[in-house]
Amino acid sequence: IVDEKSTQAQIKTLLDLNKNKKISDDFLISSIKPGQLNELLHPVIDPRSVKNIKSIKGGIAGSTGAAIGRVFFSTPKLLEEYKKAIMHGGDTNLILVLVSSYAEDVKAIEVAQGVVTCEGGFSSHAPVVARSLGKVAMVQPEMKIKGNSFTIAGKTVKEGDYISINVPYYEEPTLYLGKVELIEPDFKKNGLFDFLEIVERHIGEFNVRANADQGRDATLANDFKANGIGLCRTEHMFFNEKRIMKFREMIIAKSYEERLKVLEALKPMQRSDFYELFKIMAGKPVTIRLLDAPLHEFLPRTEESMQEFIKYMQGRNKSLKADEIRARCEELEEMNPMLGHRGCRVAVTYPEIYEMQCKAIFEAACMLKKEGIEVVPEIMIPIVMSEQEIKFIKNGKKIEGKEVRGIRDIKDEVLEEYGISELDYKVGTMIELPAAALLSGSIAEYAEFFSFGTNDLTQTTYGLSRDDSNSFFPDYSLYDLMKENPFKVLGEAVKELIAISTLRGRLTRPDLKIGLCGEHGANPDNIAFCIDTGLNYVSCSPYAIPLAKLGIAQYNIAKK
């Protein structure tokens, strides 16, 4: 009888039976599938409101939930419409529709209710960002975008028209060509918080951290009892409207002195970001990944945003010509940025960028220490290939009259400035390349923790692009050449690299802390492997924490 109820009714019934000692914790926890919790976490479509509205089933679920909004086909246009709606008391429910999204579209996804793309898959850019922001995302390959409209199933939707999207965990997504009604979740009333309290008793040592870049993500993660932040993507912080122009100015700067001047202006902004995250997570570890994205990803991608940037730069320096600014931006473009000048490679060329970020981290930590708040910073260096890079960034280097200051030197300087004698912190790395996995024994000499970035590790292991592979995955499934999508369920080759890396890392440093912070961390199918391999935690978007926690509790109960 219980199984025929909605998840909310089922959980409430089970909670009552548990309270009255009719069923055990084990039975209660084992009766709910992790995916069912999505029904309690996200808004759902009110079935009474969908009559007479054209619906199209199909596509790829990117980020679960339901959303309604007016359609806009570019980040600048959506942001402009959002500002207008706020100023004039209009409807701020907007949906971003793109062929595919890029780093500069983060700010539009952040204010939109949802995002729909024609290209990509579960682990492509738009779904990953949407999950981290608690937004809804779907990929609909049948949708054809032309100018300011899209066509699907013979129907055309123009800019400004309403659509509704429903992305459940347990069935195909649905696109409604019109405005429907939503039922919003209430975690206190729908039984989720009460259920999680019982789940928490059965978590044990292996735990869940949050992927969180903003205060609101960290607060939600705390509500779901996250054991800290496992991944703070600092590049997301620079897409804030008040910062992006400044950051672009730094990127195209012609000299070290110019770059330093802009970085000095950006530092207080970064410091306030870290201060907020540390304060919310007081006493829990906060892993901050230093800049990872290639620099050109921050530069304008549309003519409209290029014009805006030119206007900004000429306001800073009237002698600058538009062609000069365009040429500098073009110089920074890369053929294959995912394998190019990004992460720690940028830090080798421009060490002042990481120096600014590390100063901001240590200054925020010192400020909070003075307030009596415990801080546990973990600095993560991305896209490391060998121990030489992490050694260089951690310890610095003097060569031929040039000096690069290491994280250790920066820490000492900041602590002296703030009059603080001691600060516990860790420096570690993201293992996202097969080379790093195989060289983990040497890397662990300098890294105090590893975090497996399994999205990139999957891409670099299989030579697959998470954004493009869905074009041929259906054929691989048809002929049974690949049973599972490797961006959802860890592939055997990636598992082997993780196991090798864990073993070699711990042989060098037995107390090495190891986590997994790719999108795979939220999938309960991967959790048993992570626990059995000796990892300490997984890290996932805040809304996925309850699913991961339930997966861990069920694993522990099954083991008993």
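**Exercise 1. State in which helix Y476 is found and whether its side chain belongs to a surface patch.**

Step 1. Y476 is found in helix α21, residues 473-478. Helices (H or I, at least four residues) and strands (E, at least two) are DSSP runs, numbered from the N terminus.

Step 2. The model is predicted: local features need pLDDT of at least 70, side-chain atom pairs count only at pLDDT 80 or more, and totals for chains, interfaces and linings use all residues. Residues are numbered from 1 along each chain as its sequence is written, and side-chain values use heavy atoms, with hydrogens and water left out.

Step 3. Y476 has a relative accessibility of 33% and counts as partly exposed. The classes are buried (under 20% relative accessible area), exposed (over 50%) and partly exposed in between, with a 1.4 Å probe and protein chains only.

Step 4. Together with F472, L478, Y479 and L481, Y476 makes a nonpolar surface patch of about 550 Å². Patches are made of residues with over 30% relative accessible area and no salt bridge; like charges are joined within 9 Å, and nonpolar side chains (Val, Leu, Ile, Met, Phe, Trp, Tyr) within 5 Å. Areas come from the Shrake-Rupley method with a 1.4 Å probe, and for residues only the protein chains shown count as cover.

**Exercise 2. Work out which parts of the chain the salt bridge of K254 and E324 ties together.**

Step 1. A salt bridge is a side-chain nitrogen of Lys or Arg within 4 Å of a carboxyl oxygen of Asp or Glu. The count by this rule comes to 33 salt bridges.

Step 2. In the pair K254 and E324, the closest N and O atoms are 2.7 Å apart. K254 lies in the loop between α10 (241-251) and α11 (256-280), and E324 in helix α13 (residues 322-331), so the pair ties together parts that are 70 residues apart in sequence.

Step 3. K254 is exposed, at 62% relative accessible area, while E324 is partly exposed, at 31%.

**Exercise 3. Describe the salt bridges that R271 and R405 form with E363 and E355.**

Step 1. R271 and E363 form a salt bridge with their closest N and O atoms 2.6 Å apart. R271 lies in helix α11 and E363 in helix α15 (residues 351-370), so this pair ties together parts that are 92 residues apart in sequence. R271 is partly exposed at 22%, whereas E363 is buried at 2%.

Step 2. R405 and E355 meet in a salt bridge of 2.6 Å, N to O. R405 lies in strand β19 (residues 402-405) and E355 in helix α15, so the parts tied together are 50 residues apart in sequence. R405 is partly exposed at 24%, and E355 is buried at 18%.

Step 3. A network of salt bridges links E235, R289, D292, R342, E432 and D456.

**Exercise 4. Give the strand order of the open sheet of three strands and identify its edges.**

Step 1. The order is β8-β9-β10, with antiparallel pairing. Two strands pair if DSSP finds at least two bridges between them.

Step 2. β8 (144-146) and β10 (155-158) stand at the edges with a single partner strand each, so one side of each is left without a neighbour in the sheet.

Step 3. Strand β9 (residues 149-152) pairs with β10 in the antiparallel sense over four bridges. I152 stands opposite K155 in β10.
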